[in-house]
Amino acid sequence: MFSKIRSFGVTGVGGFDVSVEVNISNGLPSFDIVGLADTAVKEARERVRAAIKNNGFKFPVSRLTINLAPAHMKKAGTIYDLPILVGILAASGDIHSPAEDCAFIGELSLTGELRPVSGILPMAIAAMRSGVKNLFVPTENAAEAAFADGITVYPVSSVSQLLAHLTGKPLITPAQEPVFSDFAAEVPDFSDVKGQENVRRAFEIAAAGAHNILIVGPPGSGKSMMARRLPGILPDMTRGEIIETTEIHSVAGLTSRSTPIIYTRPFRSPHHTISSVGLSGGGAIPHPGEISLAHNGVLFLDELPEFRNDVLEVLRQPLEDGEITVSRVSGTVTFPSRIMLVCAMNPCRCGYYGQPGGRCRCSEADVRRYQSRISGPLLDRIDLIVEVPALDFSELKSRTPSESSSAIKERVNLARRIQASRYGADSTLRNAHIGPREIREYCALDPDCEELMHSAFDAMGLSARSYDRILRVARTIADLAGSPGIQAEHLAEAIQYRTYDFSSN
């Protein structure tokens with residue numbers, strides 16, 4: 001007796017088709033699972049056996065073989081419990097074999113209740129692409145799976161409910177796609193920030209062009225406060241970006257019934273004790289790290305010099321390529337990592353170097369040693385470096401409301417629309433990401449700008465990468481000003497964001 005049930009697995013942040021083949025034959029009683037299954041999959045034997053008996057069915061006392069095809073793909077987790085159970089019941093003749101366009105995903109309890117699993121959205125998208133019309137998933141995963149177009153998702157709470165549906169009475173009501181307003185997260189507003197007009201301007205430029213930014217200033221000057229408000233001025237995510245972001249968070253197990261879809265741009269702020277693997281991703285079976293969890297959003301590194309050097313150097317390649325490749329014995333996986341990097345640091349270990357009052361107790365050598373923890377190659381990948389001054393009393397006591405995030409966001413959206421018309425409506429390119437060809441075409445300088453750039457290049461000892469980054473920032477400033485070309489004032493402002501002196505402050 002044989003049956004075949006469709007299911008799906010996850011590799012990286014993508015799903016793949018899995019056929020759960022069940023064969024019951026004569027011989028000594030046994031229950032074997034083959035097909036490159038990990039320990040969690042093989043433990044399904046006990047969960048499935050108990051669930052079948054506790055739902056009033058007789059477990060076959062025969063030679064039982066489960067094959068998870070394709071056999072060369074690693075199968076991990078508890079997602080195959082439900083299809084294995086359905087396959088055994090179908091092979092035993094207790095139920096009719098489900099239609100070819102049906103697929104099953106879910107973890108079982110010993111009583112037959114279904115528990116949520118990770119990675120449901122990439123599996124649902126893979127199911128849609130492979131022709132599945134009806135997908136049965138745990139109830140807590142149903143809203144997330146329903147975000148995949150062209151597929152009917154049935155929320156299943158128990159084996160008894162599923163079997164009743166398969167026999168036609170009563171039918172399970174399909175899940176509906178989640179509504180944005182039900183799960184939208186609140187983001188802090190820039191209107192809470194006192195003063196700091198120059199830093200607010202730098203954040204606006206960074207948001208408009210998706211540029212990386214480093215802010216340097218004493219404790220209490222508002223560095224972290226402003227960084228946490230950055231998502232509020234970034235453009236709303238497109239549906240494609242929402243799917244990409246949710247897939248990553250789903251694989252990492254960060255979605256839930258209350259937040260099935262990631263509608264707002266991620267803001268990830270790992271502690272400086274994080275390891276390089278925690279930042280880049282990895283593990284025996286590679287999982288996304290903080291760089292990928294911040295995809296389409298913001299990665300905020302507070303107290304930048306306190307991060308270990310090997311952790312910071314992990315950032316180099318993802319910042320350039322927009323993706324990170326993790327290689328392990330189990331395989332090689334590429335995770336997306338198109339992020340805005342926002343860094344904050346004090347000018348010295350105590351934080352008060354260059355501040356009035358003589359509070360700083362660091363020597364010049366201490367200051368240089370502290371600032372030198374950030375390598376030149378990493379600084380080269382940061383577009384804007386801004387000094388954040390300490391607030392004075394008049395700014396703190398002011399009751400005049402600052403400009404709101406919504407007002408800043410309007411200007412950012414206008415600049416982003418200009419970029420979309422320039423690079424193509426379907427393009428993911430932003431000014432921060434353009435290559436040499438786009439720089440030549442869209443960042444051309446007139447003679448006055450060339451002379452200004454030449455002077456800055458010689459005086460500041462710029463690298464070729466820094467030169468390109470200044471042009472990209474100048475292009476964004478011109479977009480915010482509604483200018484078709486880069487003018488001298490746009491270029492001058494872009495240059496000033498690279499004038500912070502790390503050797504003498």
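**Rings, strands and helices: a walk through the model**

Student: How far does the charged end of R422 sit from the centre of the ring of Y442?
Tutor: Happy to start there, keeping in mind that this is a predicted model. The cut-off for a charge over a ring is 6 Å from the ring centre. The charged end of R422 meets it, sitting over the ring of Y442 at a distance from its centre of 5.8 Å.

Student: And over which ring does the charged end of R49 sit?
Tutor: Here the partner is again an aromatic side chain, with the charged end 4.8 Å from the ring centre. The ring beneath the charged end of R49 belongs to F59.

Student: Turning to ring pairs, is the pair of F136 and Y154 stacked or edge-to-face?
Tutor: Good one to check by eye, among the 8 aromatic pairs found in the whole structure. The ring centres of F136 and Y154 are 5.0 Å apart and the planes meet at 15°. Planes under 30 degrees apart count as stacked. The pair of F136 and Y154 is therefore stacked.

Student: Which strands does that pair of F136 and Y154 link?
Tutor: The two residues are 18 apart in the chain, and the pair links distant parts of it. F136 belongs to residues 134-138 and Y154 to residues 152-156. Those strands are β8 and β9.

Student: Are F136 and Y154 buried or exposed?
Tutor: Buried means under 20% relative accessible area. F136 has 2%, and Y154 has 13%. Because both values fall under that cut-off, F136 and Y154 count as buried.

Student: Which residues form one aromatic cluster with Y154?
Tutor: Y154 has its stacked partner, F136, in the cluster. A further phenylalanine joins them. The cluster partners of Y154 are F136 and F104.

Student: How many residues apart in sequence are the parts tied together by F267 and F300?
Tutor: These two rings form a tilted pair, 5.8 Å centre to centre with 35° between the planes. F267 lies in strand β11 (residues 267-268) and F300 in strand β14 (residues 298-301). F267 is partly exposed at 23% relative accessibility, whereas F300 is buried at 0%. In sequence, the parts that the pair ties together are apart by 33 residues.

Student: β11 and β14 also turn up in a sheet; which strands are its edges?
Tutor: This is an open sheet of 5 strands with parallel pairing, in the order β11-β14-β17-β10-β18. An edge strand pairs on one side only. Reading the two ends of the order gives β11 and β18.

Student: Which residue in β18 stands opposite I215?
Tutor: Strand β10 (residues 213-216) pairs with β18 in the parallel sense over 4 bridges. Helix α8 (residues 197-209) lies across β10, β17 and β18, running at about 165° to β18. In β18, the residue opposite I215 is V386.

Student: What is the phi of A210, in the loop between α8 and β10?
Tutor: Most residues other than glycine have a negative phi. A210 departs from that pattern, and is buried with a relative accessible area of 9%. Its phi is positive, at about 60°.

Student: Which residue does a cis peptide bond join to P70?
Tutor: P70 is found in the loop between β4 (63-69) and α3 (81-92). Omega of the cis bond is about 5°. The residue joined to P70 is A69.

Student: What is omega for the peptide bond from K169 to P170?
Tutor: P170 lies in the loop between α6 (159-166) and α7 (180-183). The bond from K169 is cis. Its omega is near -20°.

Student: Is K409 buried or exposed?
Tutor: K409 lies in helix α18 (residues 405-423). Leaving aside neighbours within four places in sequence, K409 is in contact with G232, I233, L234, P235 and D236. Its relative accessible area is 17%, which makes K409 buried.

Student: How many of the 13 residues of α10 are buried?
Tutor: Helix α10 spans residues 239-251 and reaches 18 Å from its first C-alpha to its last. Its buried residues include E241, I243 and H249, and what covers them includes β1 (2-11), α4 (120-129) and β16 (331-336). The helix is largely enclosed by the rest of the structure, because the number buried is 10.

Methods
Residues are numbered from 1 along each chain as its sequence is written. This is a predicted model: local features need pLDDT of at least 70, side-chain atom pairs count only at pLDDT 80 or more; totals for chains, interfaces and linings use all residues. Side-chain values use heavy atoms; hydrogens and water are left out. Rings of Phe, Tyr and Trp (its six-membered ring) pair if their centres lie within 6.5 Å; planes under 30 degrees apart count as stacked, over 60 as edge-to-face and the rest as tilted. Buried means under 20% relative accessible area, exposed over 50%, partly exposed in between (1.4 Å probe, protein chains only). A charge sits over a ring if NZ of Lys or CZ of Arg is within 6 Å of the ring centre and within 35 degrees of the ring normal. Two strands pair if DSSP finds at least two bridges between them. Contact means heavy atoms within 4.5 Å. Axes are lines fitted to C-alpha atoms, for helices over the stretch in contact, and angles run from 0 to 180 degrees between N-to-C directions. The expected span of a helix is 1.5 Å times one less than its number of residues.
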